[in-house]
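Hi,

Here is the structure I said I would pass on. Have a look at it first, and my notes on what turned up are underneath.

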Amino acid sequence: MDTLSYKTISANKETAKKEWVIVDAKDQIVGRLCSKVAKLLRGKYKPNFTPHVDCGDNVIIINADKVVFSGKKETDKVYTRYTGYPGGQRFNTPAQLRTRKGGIDKMIRHAVKGMLPKGPLGRSLMSNLYVFEGAEHNKEAQQPKLIDINQYK
């Protein structure tokens, strides 16, 4: 058997083919949407996926204000943050975050961040995610293509 014909292709920063994609989040469940977005950011849907390299796509999420939670998570789920001062622990539900400016962005980023690798690679992958609450976005210059997120597993 000729072993030289079966070389494993390992992507690096120069050979990774990064694309720009738009995901419409209208009527999508937050956790299921974010798990697919995390895979897109990571590059797991590509044949030349390499675990230690940023070979994923740049993802633009539009209509983020129209995402839904399954069950009673809209009122029962609690996000915890800490101000850094004694007694500074703050709690918010998704319903409360929706009323705040940038709250929906925080919800989606929080969900996606938990599904990415921890460390420098995961932090750099988060910079490839762009969340817009309405149907308009400012990334037309990159010529992103609209994909149907329901086609992915």
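Let me start with a charged pair: aspartate 54 and lysine 18 form a salt bridge, with 3.0 Å between the closest N and O atoms. Aspartate 54 sits in the loop between helix H1 (30-42) and strand S2 (58-62), while lysine 18 is in the segment before strand S1 (20-24), so the bridge ties together parts that are 36 residues apart in sequence. Both ends are partly exposed: aspartate 54 has a relative accessible area of 23%, and lysine 18 comes in at 33%. Bear in mind that this is a predicted model.

Next one along: aspartate 57 bridges to lysine 46, and here the closest N and O atoms are 2.8 Å apart. Both residues belong to the loop between H1 and S2, so this pair ties together parts that are 11 residues apart in sequence. Are these two buried or exposed? Aspartate 57 counts as buried because its relative accessibility is 6%, and lysine 46 counts as buried too, at 18%.

The third pair I'd point you to is arginine 98 with glutamate 74, where the closest N and O atoms are 2.7 Å apart. This one links distant parts of the chain, with arginine 98 in helix H3 (residues 94-99) and glutamate 74 in helix H2 (residues 73-76), 24 residues apart. Arginine 98 is partly exposed at 24% relative accessibility, and so is glutamate 74 at 21%. The full count of salt bridges is six.

Now for charges on the surface. Arg81, Arg90, Arg100 and Lys106 form a positive patch there. One of them, arginine 81, is in strand S3 (residues 79-82) and is partly exposed, with a relative accessible area of 43%. For the protein chain as a whole, there are 28 positive and 15 negative charges, and their mean positions are 7 Å apart.

Finally, the overall picture. The protein chain has five helices and six strands, running β-α-β-α-β-β-α-α-α-β-β from the N terminus. Its C-alpha atoms fill a box of roughly 65 × 35 × 30 Å along the principal axes. Of the 153 residues, 38% count as buried. The accessible surface comes to about 9800 Å², and 53% of that belongs to carbon and sulfur atoms. As for contacts between residues at least 6 apart in sequence, 67% join residues at least 24 apart.

Cheers

Technical notes. Residues numbered from 1 in each chain as written. Predicted model: local features only at pLDDT ≥ 70, side-chain atom pairs only at ≥ 80, totals over all residues. Heavy atoms only, no water. Patch = residues over 30% accessible without salt bridge, like charges linked within 9 Å, V, L, I, M, F, W, Y side chains within 5 Å. Areas by Shrake-Rupley, 256 points an atom, 1.4 Å probe, with all protein chains shown as cover. Salt bridge = Lys/Arg side-chain N within 4 Å of Asp/Glu carboxyl O. Lys, Arg positive; Asp, Glu negative; His and termini not counted. Charge placed at Lys NZ, Arg CZ, Asp CG, Glu CD. Helix = DSSP H or I, 4+ residues; strand = E, 2+ residues; numbered from the N terminus. Buried < 20%, exposed > 50% of the residue type's maximum accessible area, 1.4 Å probe, protein only. Contact = heavy atoms within 4.5 Å.
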